[in-house]
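Please open the structure in your viewer and keep the selection tool at hand. The tour below goes from stop to stop, saying what to select and what can be found there.

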Amino acid sequence: MAEEPSAKRHHAETSDKRSNLVDINTSDKRSNLVDINVPGEKREYTRTLKGVELHGKETLEIVCPSKPDKADEVISRLWRKLGGRFRRIVGVGVHYTNEDEPPQMAAVLQLCVDELCLVYHIAAATKWPKRLKDFLREEKLYTFIGFCIGGDKRLLEESGLEINPNNFIDMQRKWKDPKTNKYYDSLANVAGGVIHPFYEGMKKKMNRADHKLWGNSPRPDNLITYAGIDAYAMHKSWKTIENIMTGWDISKEQEADPYYHCNFADEDA
């Protein structure tokens, strides 16, 4: 039986500084300080969860800030993790503001590399991190991986952010169930198949009411955990899929040429 993540085992750190509520539609001087046009309770806070349990002995560090300088620190760490790798992959995900309160916009942006995940709380922030837009616009150093990413990109753009259109892969359109030859309808099914059955239970950890809370601040630990594991599953799934496809290619080459040898087949596994 797959192990379930336990919030009680997280080592959590919180810093919280409530700011005044900011009305993005007002014309007073305060509105000049706001460049994130996403409605929500504006609050400066950072919540860090360490040792979030995944499958087996894998653990995840999730940092959920609304402070732009703290988000920049995590983005710098993601940059360093990507350096010097053969495969440079960034798992990306977006959760939205309440659909019952239009216009619906991006409330949370998740970025994950290996065991580190940034969950940036857009709806609680007032300023964009300085490094974020450049990170999303990068074209050559790494590739963004998402699932059914079209809607995420559209709502990000409406919120003021854009992922480089030439530098992302929609996993849903690139990987089929080997047993049925049909596209998967959820990330949980992909991750449960290529990583570990643990991830098949991802959808069960959230109900419809929870999905209406992404714009609330501060972010509850269960939503931070869900968002972090969601982005990790995208990163890890595609990394595993690439290894599978590489194995298939090598097998075909070996069938054609028994003396064929690939020196980088297991690189960055």
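A residue is called buried when its relative accessible area is under 20%. With that cut-off in mind, and remembering that this is a predicted model, begin with helix α1 by selecting residues 68-82. This helix has 15 residues and spans 21 Å between its first C-alpha and its last, close to the 21 Å expected at 1.5 Å a residue. Within α1, now pick out Ala 71, Asp 72, Val 74, Ile 75, Ser 76, Leu 78 and Leu 82, which are its buried residues. To see what covers them, add the strands β3 (59-65), β4 (89-96), β5 (106-113) and β6 (116-121), together with helix α2 (132-137), which are among the elements that do so.

Stay on α1 and show the side chains of Glu 73 and Lys 70, which form a salt bridge whose closest N and O atoms are 3.3 Å apart. The two residues are 3 apart in the helix, and therefore about one helical turn separates them. Glu 73 is partly exposed at 44% relative accessibility, and Lys 70 is also partly exposed, at 27%.

Before moving on, colour the model by confidence. The average pLDDT of the protein is 80, and 78% of the residues score at least 70. Residues 1-9 fall below 50, and this stretch has 16 contacts in the model beyond near neighbours in sequence. Residues 18-34 are likewise below 50, with 21 such contacts. Where pLDDT is low, the predicted coordinates should not be read in detail.

How many salt bridges does a search of the whole structure find? The search gives 8, and two further ones are worth selecting here. Take Asp 221 and Arg 47, whose side chains meet in a salt bridge at 2.6 Å, N to O. Asp 221 belongs to helix α6 (residues 221-256) and Arg 47 to strand β2 (residues 43-53), so this pair ties together parts that are 174 residues apart in sequence. Asp 221 is partly exposed, with a relative accessible area of 25%, whereas Arg 47 is buried, at 18%.

Next select Asp 100 and Lys 212, which meet in a salt bridge at 3.0 Å, N to O. Asp 100 is found in the loop between β4 and β5, while Lys 212 is in the loop between α5 (187-194) and α6, so the pair joins parts that are 112 residues apart in sequence. Asp 100 counts as partly exposed at 48% relative accessibility, as does Lys 212 at 36%.

Turn now to the interior, and select Leu 109, Leu 111, Ile 122, Phe 135 and Tyr 199, which touch the most other members of the 73 residues in the largest nonpolar core. Helix α6 supplies the largest share of this core, 11 residues. Centre the view on Tyr 199, which touches Leu 54, His 55, Ala 188, Ala 191, Gly 192, Ile 229, Tyr 232 and Ala 233, leaving aside residues up to four places away in sequence.

The last stop is the cysteines, where a search of the whole structure finds 0 disulfides. Select Cys 117, which is in no disulfide and whose nearest cysteine sulfur, that of Cys 112, is 4.6 Å away. Is Cys 117 buried or exposed? Its relative accessible area is 0%, so Cys 117 is buried, whereas Cys 148, at 43%, is partly exposed.

Definitions and conventions: Residues numbered from 1 in each chain as written. Heavy atoms only, no water. pLDDT = per-residue confidence, 0-100. Contact = heavy atoms within 4.5 Å. Disulfide = S-S within 2.5 Å. Buried < 20%, exposed > 50% of the residue type's maximum accessible area, 1.4 Å probe, protein only. Helix = DSSP H or I, 4+ residues; strand = E, 2+ residues; numbered from the N terminus. Expected span 1.5 Å × (residues − 1). Salt bridge = Lys/Arg side-chain N within 4 Å of Asp/Glu carboxyl O. Core = buried A, V, L, I, M, F, W, Y, C linked by side-chain atoms within 4.5 Å.
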